[in-house]
Amino acid sequence: MVEEEKKEELSEEKKEVKPEEAQEETKEDAPKEVSEKKPAGKKPFKRRPRPRPGEPTEEGFIERVVKISRVSKVVKGGKNFSFSAMVVAGDGSGSVGVGHGKSNEVVEAIKKGTTDAKKNMHKINLSGDTIPHEVTGKFKATSVLLKPAGPGTGVIAGGPVRAMCDAAGIKNILTKSLGSRNAANVIKATMDGFIRLRLTRRS
């Protein structure tokens, strides 16, 4: 009899539990959602799109990296590595320059080379989108032959010479590199040929 009375009391207590209390218990048992609030006043970071090779930057310059060299220096504790970059910059309308940059990081070397190229700009005499006449540029053991071409020909040139033509805004040209194929010598020989261009004959 005692066991039956206990069972009846337990069943009555279960019935007396209110639905509101049951809901509160379920809410307490459920995991609390952590609400992440973004700090007010800070704008989201947006990465600036980098211009593709041959496309003008925001300043209107066309920048091309011609060569990146890694230089190692042997010291007592091991080796120290640095980088040198050769960069060509131009406005696409007849002005072009060559620059060199050195740094312990590639990005800084390219940045220094670009700044140096913008400081050493040369104005080139062009005839439309090509050169006015045939010319040969020379620098030490390298010679670069430049010939004018008709519309639709395009830039027939290798890597360093093509970079120079793109930066200067030349669309149609025939070129041939003779002698040493060193990128630095080819660039300087091409610049020598560009400087020799004339629109009128000398008397």
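Helices, here, are DSSP runs of H or I with at least four residues, numbered from the N terminus.

**Figure 1. The residue that follows helix α4 in the predicted model.** Immediately after α4, G169 adopts a positive phi of about 90°. The helix itself spans residues 159-168. Seven of its ten residues are buried, so α4 is largely enclosed by the rest of the structure. The buried positions of α4 are P160, V161, A163, M164, C165, A167 and A168.

**Figure 2. Helix α5, residues 183-195.** From its first C-alpha to its last, α5 reaches 18 Å with 13 residues, close to the 18 Å expected at 1.5 Å a residue. This helix is mostly covered, with ten of its 13 residues buried. The buried set comprises A183, A184, N185, V186, I187, A189, T190, M191, G193 and F194.

**Figure 3. The crossing of helices α4 and α5.** Two packed helices are described by the angle between their axes and the distance between the axes. For α4 and α5, the axes come within 9 Å and cross at roughly 40°. Angles under 35 degrees would count as roughly parallel, and those from 65 to 115 as roughly perpendicular; α4 and α5 are therefore oblique to each other. Their crossing is right-handed.

**Figure 4. The contact between helices α4 and α5.** On the α4 side, P160, V161, M164 and C165 take part in the contact. Their counterparts in α5 are A183, V186, I187, T190, M191 and F194. Nine of the residues in this contact are nonpolar and one is polar, while none is charged. The participating residues P160, V161, M164 and C165 are also among the buried residues of α4. Likewise, A183, V186, I187, T190, M191 and F194 are among the buried residues of α5.

**Figure 5. The surroundings of I68 in strand β1.** Strand β1 covers residues 62-75 and contains I68. With buried defined as under 20% relative accessible area and exposed as over 50%, I68 counts as partly exposed because its relative accessibility is 43%. Leaving aside residues up to four places away in sequence, I68 touches S84, A85, V106 and I110. The C-alpha atoms of I68 and S84 lie 5.7 Å apart, although the two residues are separated by 16 residues in sequence.

**Figure 6. The chain as context for the close-up views.** Five helices and eight strands are present in the chain. Their order from the N terminus is α-α-β-β-β-α-β-β-β-β-α-β-α. Of the 203 residues in the chain, 28% are buried. Among contacts with a separation of 6 or more, 55% join residues 24 or more positions apart.

How values were computed. Residues are numbered from 1 along each chain as its sequence is written. This is a predicted model: local features need pLDDT of at least 70, side-chain atom pairs count only at pLDDT 80 or more; totals for chains, interfaces and linings use all residues. Side-chain values use heavy atoms; hydrogens and water are left out. Axes are lines fitted to C-alpha atoms, for helices over the stretch in contact, and angles run from 0 to 180 degrees between N-to-C directions. Helices (H or I, at least four residues) and strands (E, at least two) are DSSP runs, numbered from the N terminus. Angles under 35 degrees count as roughly parallel, over 145 as roughly antiparallel, 65 to 115 as roughly perpendicular and the rest as oblique. A crossing is left-handed if the near helix is turned anticlockwise from the far one by less than a right angle, and right-handed if clockwise. Contact means heavy atoms within 4.5 Å. Ala, Val, Leu, Ile, Met, Phe, Trp, Tyr, Cys and Pro count as nonpolar, Asp, Glu, Lys and Arg as charged, and the others, Gly among them, as polar. The expected span of a helix is 1.5 Å times one less than its number of residues. Buried means under 20% relative accessible area, exposed over 50%, partly exposed in between (1.4 Å probe, protein chains only).
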